[in-house]
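Q: Could you take a close look at how one helix in this structure packs with its neighbours? I'd enjoy a connected walk through it, residue by residue.

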Amino acid sequence: MEEIYVNDLGNADAYFAFLKTIPGYDVTTMGRDSINFRAAEAQFENANYKKAIENYNNYIGKFPNGGNILLAHYRRGDSYSALKMFSE
């Protein structure tokens, strides 16, 4: 399920909503950080730059001190560049 929500759809929030339906299952903050970043990375690697930008913005907003914050900013910039959105 994680692969579908995170890697294919790039929708970490929907994955977390699904996990809430499982009694007793909880995702740590560190886990949420990692999964949110992976959702953005999967879209970036598939050249789905608009979705990657959306997910990187989501990650940066939720985890401003996250473990992958520098790479998130860098890859978001690469995504804007790939879309020729140089003013962003």
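A: Happy to; keep in mind that the model is predicted. Let's take helix α5 and start with its contact with helix α4. On the α4 side, the residues involved are Tyr49, Ala52, Ile53, Tyr56, Asn57, Tyr59 and Ile60, and they meet Ile69, Ala72, His73, Arg75, Arg76, Ser79, Tyr80 and Ala82 of α5. Sorted by class, this contact has ten nonpolar residues, three polar ones and two charged ones.

Now for the geometry. In general, a pair of packed helices is described by the angle between the two axes and the distance between them. Here α4 covers residues 49-62 and α5 covers residues 69-82; their axes come within 9 Å and cross at roughly 150°. An angle over 145 degrees counts as roughly antiparallel, and α4 and α5 are therefore roughly antiparallel to each other. The handedness of this crossing is left-handed.

Helix α5 also packs with α3, at an angle of about 30° and with the axes 11 Å apart. Because angles under 35 degrees count as roughly parallel, α3 and α5 are roughly parallel to each other. This crossing, of α3 and α5, is left-handed. From α3 come Phe37, Glu41 and Phe44, while α5 contributes Leu71, Ala72, Arg75, Asp78 and Ser79. The classes in the contact of α3 with α5 are four nonpolar, one polar and three charged. If you compare the two lists, you will find Ala72, Arg75 and Ser79 of α5 in the contact with α4 and also in the contact with α3.

It is worth following α3 a little further. Asn36 lies in this helix, and with a relative accessible area of 4% Asn36 is buried. Leaving aside residues up to four places away in sequence, Asn36 touches Ala12, Asp13, Phe16, Asn58, Tyr59, Lys62 and Phe63. Tyr59 also appears among the α4 residues that meet α5. Ser34 lies in α3 as well, but Ser34 is partly exposed, with a relative accessible area of 35%.

Two of the partners of Asn36, Ala12 and Phe16, lead on to helix α2. Within α2 (residues 12-20), the buried residues are Ala12, Tyr15, Phe16 and Leu19. Viewed down the axis of α2, these buried residues fall within an arc of 100°, so they line one face of the helix. The buried residues of α2 pack against α1 (2-8) and α3 (29-45), which brings us back to the helix that packs with α5.

Definitions and conventions
Residues numbered from 1 in each chain as written. Predicted model: local features only at pLDDT ≥ 70, side-chain atom pairs only at ≥ 80, totals over all residues. Heavy atoms only, no water. Axes fitted to C-alpha atoms, helices over the stretch in contact; angles between N-to-C directions. Helix = DSSP H or I, 4+ residues; strand = E, 2+ residues; numbered from the N terminus. Parallel < 35°, antiparallel > 145°, perpendicular 65-115°, else oblique. Left-handed = near helix turned anticlockwise from the far one by under 90°. Contact = heavy atoms within 4.5 Å. Nonpolar A, V, L, I, M, F, W, Y, C, P; charged D, E, K, R; others polar. Buried < 20%, exposed > 50% of the residue type's maximum accessible area, 1.4 Å probe, protein only. Arc of directions from axis to C-beta.
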